[in-house]
Amino acid sequence: MTHAGQPNRLLEETSPYLQQHAFNPVDWYPWGEEALARARELDRPIFLSIGYSACHWCHVMEHESFENPDIAAVMNEHFVCIKVDREERPDLDQIYMTSVQIMTGHGGWPMSVFLTPDLKPFYGGTYWPPEPRMRMPGFRQVLMAIQEAWRDRRAGLEENATELTDRIRDYSGMLNELAPLNDSLLRQAERSLLRAADRTNGGFGGSPKFPHPMDLRVLLRTWQRFGNAEALSVVTLTLDKMSHGGIYDHLGGGFHRYATDSTWLVPHFEKMLYDNALLVPCYLEAFQATCNVDYIRVVRETLDYVLREMTQPQGGFYSTQDADSEGEEGKFFVWTEEEIQKLLGKDDARIFSYCYDVSMTGNWEGHNILNRPKSLAQAAGMLGMSADQLAELLARCRQTLFSERAKRVAPGRDDKVLVSWNGMMISAMSQAGSLLNEPRYVSAAADAANFILTHMRDDEGRLLHAYKDGRARFNAYLDDYACLIDGLIDLYQATADERFVDFAIELASRLVDQFHDGDEGGFYYTSDDHEQLIARTKDAQDNATPSGNGMAACAFLRLGRLTGRTDLATYGERTLRAISGQLARSAMASGQGLMALDFMIGPTFEFVFAEGSNIDANTSALNALQASFIPNKLLIHAATARRNIAEVTAGKVAINNEPTVYPCQLGACQQPLVGVEAIKQFAATIERRA
């Protein structure tokens, strides 16, 4: 039992989120056999609370309820209380979030679920205030009602829990119906996404508004495939509005989680590694499609933020930054007009305030969230300045404010390293480094990959999901393997180091052995030796991150083409077939799978690159391939090819000592392209520019 001022069991956990609750008067357990055995021994229901460190309302519920001694006493007397970090245990989060969505029609965090001692859910919700308000019951009221029902109507609760668990098991599988895997699915997806698009403010739907990077990348592909200008227009409008809005950090770079309004002004101020990892390729591809250099600025600022604030000394990427600092949401990021005038001086402050929507009354709760309602050219025209003059002044002002902001109390950071999110950032850094000729980004991607492969595997080579304080823990999940394989493929293309392909093949083999459903295709979210839970799910729907099966399909298709191994590509095709009903029914939950489908249908090019004797010419040739919008391409380096790529590159050498590209499809190669100009011309013929 936890006593006042004494820590509970969470103090020994590695999760910053769990450690935040270590001095609650609640007698918290981490998920594990001790807690589950205690529930069975006492024959008590379990109160399961799931959240994450950057979650604002998780902090609110902790302060209001879990730090309240009276409420804690009720929890301790009648329940076994378990606290879970959803980022460490996404398997538990998937199962019990499904239960909350079935029970209430919506979900979110903090997630609050009541379970029988055999782990079946029977009641749940999200945030509850301590006392009734806003048409919500009070948490104390909920606890007492559950305790009374458990005491007096237990049989009914357990019957409902069994029925709900059966529904979760059904819901946790993939759709049984299949759809033909052809470009009609992509046409249908394009129509669906365009119907949902906000043609005024960008994005999809109203408020709250999320970035949807996978869906934007699908529209870029359908624009190229079908030539519908509307698709490209929705993408560019969305990317422009986001990078000009308050969801983007104009001083430090990087994107906040989502906007609470429909115009991208007011974010939830937390920053997640995965959002930024997923948005970088989106902006890179939009640059390739449109040549809008402002997208490159956004990419550089975002990745520089990650290198500066989200990278550990050993190379791994940290997970999140909080929305709150000093107990207030957004305090670190917002400004008053008086602060800006004092720092910039009257004249510069007037211009900066005009450009960044700063006023005396503010645009959010009496403060100002920096945003750009007008483009640089529009603002320059209104101010009677040249665009270059204005850009120089604003850059100087931003640096002054950034330096001052650095003196503030920074938001908390969750410094655990997660394989799946790192895999996404490895991919983003690798792609950006290749396109921008920026070795820093490629080096950061390689450091992160080497950290994971060295420190986040067990003695048998299996991946471990999370790393914190020198400890790697938890069996890795489907998306850990799939995202890392995908990232390693991009890292190989950026470095020509075939060692990363070797690791990708090793991980793919383990994924097949321990996760694959040999009967119906696709992959389970957990391995066959994972802790047995009430359901073994198949993750087929994108959420804030790509679905595990969508990413697995993409990874296996790309790895199969890269190595010439049809067996690997077949797993990707079978996975797409297994989730084809999902692709047909819900485009907005299937972006990653639809990108994999676009890759599978092709045309998909394997560009085998043989270096010439002139280094500058080699660089120019690679730049030509990278700058073109050819999303379904793989770059294979002939010079370093050995074991796993040797067959693909056999006989492919530089001709006349000039950089030479062999354009291949499914292993059948066209005439080689010799010299920079020939490579540039070919790249131009197979892309469509805006």
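## Starting at the edge: S1 and its neighbour

Strands S1 and S3 (residues 80-85) run parallel to each other, held together over 2 bridges. One of the contacts to look for in this predicted model is Tyr29, whose bridge partner in S3 is Ile82.

That pair belongs to an open sheet of 5 strands with mixed pairing, in the order S1-S3-S2-S4-S5. At its edges sit S1 (29-30) and S5 (121-125), each pairing on one side only. As general background, strands of a sheet pair through backbone hydrogen bonds, either parallel or antiparallel.

## Loops around the open sheet

Two of the strands in this sheet come right after loops with something odd in the backbone. Take S2 (46-51) to begin with: the loop between helix H2 (33-42) and S2 holds Asp43. Asp43 isn't a glycine, yet its phi is positive, about 55°. How buried or exposed is Asp43? With a relative accessible area of 36%, Asp43 is partly exposed, since that class covers the range between under 20% (buried) and over 50% (exposed).

Then there's S4 (111-115). The loop between helix H5 (90-104) and S4 is home to Pro110, and the peptide bond joining Trp109 and Pro110 is cis, with omega about 5°. Both features go against the usual run of things: most residues other than glycine have a negative phi, and most peptide bonds are trans.

## The S18 neighbourhood

Further along the chain, S18 (residues 660-665) is a good place to zoom in. This strand is mostly covered, with 5 of its 6 residues buried. Which strands does S18 pair with? S16 (residues 605-610) is one of them, antiparallel over 5 bridges. S20 (residues 673-674) is another, also antiparallel and joined to S18 by 2 bridges. S19 (residues 668-669) runs antiparallel to S18 as well, again with 2 bridges.

Some individual pairs help to pin down the register. On the S16 side, Glu606 stands opposite Cys664 of S18. Cys664 turns up again in the pairing with S19, where its bridge partner is Cys669. For S20, look at Leu673, which stands opposite Val661. S18 and S19 make a hairpin with 2 residues between the strands, and in that hairpin Leu666 takes a positive phi near 50°.

The lead-in to S16 is worth a look too. Pro603 lies in the loop between helix H24 (591-601) and S16, and the peptide bond from Gly602 to Pro603 is cis, with omega near 5°.

## A positive phi inside a strand

Phe474 is another non-glycine residue with a positive phi, here about 75°. This one is placed within a strand, S15 (residues 471-475). Is Phe474 buried or exposed? Its relative accessibility is 19%, so it counts as buried, the cut-off being under 20%.

## Helix H14 and its packing

For a helical example, turn to H14 (residues 346-355). Its buried residues are Asp348, Ala349, Ile351, Phe352, Ser353 and Cys355. What do the buried residues of H14 pack against? Their partners are three helices: H13 (337-344), H15 (376-383) and H16 (387-405). After H14 comes Asp357, which has a positive phi, near 60°.

## Zooming out

Stepping back, the protein has 27 helices and 20 strands. Its C-alpha trace spans about 85 × 70 × 45 Å along the principal axes. The radius of gyration is 26 Å, which agrees with the value near 26 Å for a compact globule of 690 residues. Of those 690 residues, 60% count as buried.

Contacts reach a long way along the sequence: taking contacts between residues at least 6 apart, 69% join residues at least 24 apart. The surface that remains exposed comes to about 26500 Å², with carbon and sulfur atoms supplying 48% of it. As for charge, there are 66 positive and 92 negative charges, and their mean positions are 3 Å apart.

Technical notes: Residues numbered from 1 in each chain as written. Predicted model: local features only at pLDDT ≥ 70, side-chain atom pairs only at ≥ 80, totals over all residues. Heavy atoms only, no water. Buried < 20%, exposed > 50% of the residue type's maximum accessible area, 1.4 Å probe, protein only. Helix = DSSP H or I, 4+ residues; strand = E, 2+ residues; numbered from the N terminus. Pairing = 2+ DSSP bridges. Rg over C-alpha atoms; globule rule 2.2 N^0.38 Å. Contact = heavy atoms within 4.5 Å. Areas by Shrake-Rupley, 256 points an atom, 1.4 Å probe, with all protein chains shown as cover. Lys, Arg positive; Asp, Glu negative; His and termini not counted. Charge placed at Lys NZ, Arg CZ, Asp CG, Glu CD.
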